[in-house]
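Student: Hi! Could you walk me through a structure today? I'd like to ask questions as we go.

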Amino acid sequence: MSVGFRAVQWNRDKLVYDGILLAAVALYIVGFAAIYWWLHPPKNLPDAIDIWIRAFGTCAFLMLTVILLIGPLARLNPRFLPLLYNRRHFGVLTFCVAALHVWFMLDWYMVQGNLPNLARELTTWPDYAKFIGFPFKVLGIAALLILFLMASTSHDFWLMFLSPRVWKGLHMALYVAYGLVVMHVALGIMQYERTWLIPLMLVGGFGSVAALHLVAGRRERKVDEGTVPTDEGWIAVAPPRAIPDKAALIVAAPGGERIAIFRDGEQIGAITNLCAHQNGPLGEGRIIDGCVTCPWHGYQYRLADGCAPPPFTEKLATYPLRIKNGVVEVNPRPLPPGTPAAIACPRDML
Ligand code: HEM
Ligand code: FES
């Protein structure tokens with residue numbers, strides 16, 4: 001373990017993140033309800049409840065879309081990295097918003113004394129063979145169950161208990177949940193509500209998730225194809241100022257391990273991209289409190305020598321660096337873990 005473990009407890013970054021998240025969700029829901037109320041004043045209580053069903057439903061859909069966009073966005077541009085850190089909180093809040101959508105839906109039936117109708121709708125088996133009239137709520141139920149499973153296993157305890165591979169596999173089910181929600185809306189409200197806003201939300205959300213995954217996937221493949229080293233065995237990385245401050249660029253030799261080249265002000269250091277904890281992608285992390293901080297669970301390592309700060313003992317392989325003709329170069333042959341290898345960059349190159 002390392003002092004980075006603090007990052008999974010409450011810290012300032014996390015509080016700011018959660019504060020902004022909660023404020024954005026509250027603003028969206030209140031804004032949606034106010035505009036909807038103004039455009040279509042409710043005639044009765046069920047109509048008013050329906051506004052909340054829609055406000056929470058669309059909010060949960062947009063949140064799911066953003067969660068799925070965060071990964072590829074952070075890969076494409078390190079400015080999005082802060083969004084990656086507390087993606088788990090984002091996920092748990094999405095479950096809560098979706099659960100409130102369902103709560104208002106149940107309330108809609110209850111205020112009309114109609115709850116048995118819901119059970120009937122879900123158990124009218126011939127409807128499952130229809131396209132128009134399919135019990136779309138069941139797709140929502142399946143999606144909500146997946147979100148519940150993910151929210152309830154989001155704590156580190158479950159990560160350790162289930163093993164990272166199983167945990168990651170489980171959390172890939174988010175894509176299934178997203179697909180179910182798209183179908184829930186496409187077979188549900190889109191069939192009886194003639195407005196271009198719903199197809200726009202579905203096509204925009206699904207399209208942007210698919211497109212960004214394709215672009216990021218292509219970029220990843222390019223990194224893995226690797227950069228051929230020069231005759232002297234060095235790989236050109238980039239001019240110092242092209243390495244984002246407090247973040248990294250990732251390179252690899254063909255067929256070699258990924259290397260994360262971080263810049264912390266004038267200091268540049270290269271370490272393996274694999275975190276000693278559970279192989280998290282360090283190069284997608286940031287420098288926090290002077291240490292490279294893993295984006296998965298916050299383990300930390302000194303940039304200078306790849307060692308976790310005391311009292312922790314993890315050590316990462318480092319790589320030799322140099323600046324030649326204004327370009328940072330890395331030697332892809334790793335040094336023994338914990339070897340000091342960072343260099344200082346002349347200020348006029350930044
Ligand atoms: C992850 C879970 C869920 C998400 C993200 C979700 C999302 C949505 C969205 C985006 C809409 C369209 C709202 C609009 O455009 O106005 C919607 C409609 C609806 N959802 Fe869900 N839903 C979920 C689960 C459920 C469940 C479990 C049920 C019921 C058992 C349900 C019942 C409904 C109903 C009845 C509507 C139509 C509301 C209306 O006609 O005004 N949803 N949902
Ligand atoms: S802190 Fe867990 S993988 Fe890096």
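Tutor: Sure, we can talk through a metal site, some helix packing and one residue in a strand. Keep in mind that this is a predicted model.

Student: Let's start with the metal. Which protein residues are donors to the iron atom of ligand 1?

Tutor: Two histidines do that job: H101 and H184, each through its NE2 atom, lying 2.0 Å from the iron. H101 belongs to helix α4, residues 87–110, while H184 belongs to helix α9, residues 173–187, so the pair ties together parts that are 83 residues apart in sequence.

Student: Are those two buried or exposed?

Tutor: Both H101 and H184 are buried.

Student: And what is the arrangement of the donor atoms around the iron?

Tutor: It is octahedral, because the six donor atoms around the iron atom of ligand 1 subtend angles of 88 to 179°. For comparison, ideal angles for six octahedral donors are 90 or 180 degrees.

Student: OK, on to helices. You mentioned α4. At what angle does α1 pack with it?

Tutor: Helix α1, residues 12–39, packs with α4 at an angle of about 30°, and their axes are 10 Å apart. That makes the two helices roughly parallel, because angles under 35 degrees count that way.

Student: Is that crossing left-handed or right-handed?

Tutor: The crossing of α1 and α4 is right-handed.

Student: Which residues meet there?

Tutor: From α1 you have K14, Y17, D18, L21, L22 and V25, and they meet R87, H89, F90, L93 and V97 of α4.

Student: What about α9, the other histidine's helix? How does it pack with α11?

Tutor: α9 and helix α11, residues 197–225, pack at about 155°, with axes 10 Å apart. The pair is therefore roughly antiparallel, and α9 passes α11 in a left-handed crossing.

Student: Who is in contact there?

Tutor: The α9 side includes Y175, Y178 and V182. Among the residues they face in α11 are I198, M201, L202 and F206.

Student: New topic! Where is A260 found?

Tutor: A260 is in strand β3, which covers residues 258–264. A260 counts as buried because its relative accessibility is 0%.

Student: What does A260 touch?

Tutor: Leaving out residues up to four places away in sequence, A260 touches A248, L249, G269, A270, I271, T272, N273 and G283.

Student: One last thing: what separates A260 from L350?

Tutor: Their C-alpha atoms are separated by 19 Å, and the two residues are 90 residues apart along the chain.

Technical notes
Residues are numbered from 1 along each chain as its sequence is written. Chains are lettered from A and ligands numbered from 1 in the order in which they are written. This is a predicted model: local features need pLDDT of at least 70, side-chain atom pairs count only at pLDDT 80 or more; totals for chains, interfaces and linings use all residues. Side-chain values use heavy atoms; hydrogens and water are left out. Donors are N, O and S atoms within 2.8 Å of the metal (3.2 Å for Na, K and Ca); water is not among the atoms, so sites may look incomplete. Four donors count as tetrahedral if all angles lie between 85 and 135 degrees; four count as square planar and six as octahedral if opposite donors are over 155 degrees apart and all others between 65 and 115; anything else is irregular. Helices (H or I, at least four residues) and strands (E, at least two) are DSSP runs, numbered from the N terminus. Buried means under 20% relative accessible area, exposed over 50%, partly exposed in between (1.4 Å probe, protein chains only). Axes are lines fitted to C-alpha atoms, for helices over the stretch in contact, and angles run from 0 to 180 degrees between N-to-C directions. Angles under 35 degrees count as roughly parallel, over 145 as roughly antiparallel, 65 to 115 as roughly perpendicular and the rest as oblique. A crossing is left-handed if the near helix is turned anticlockwise from the far one by less than a right angle, and right-handed if clockwise. Contact means heavy atoms within 4.5 Å.
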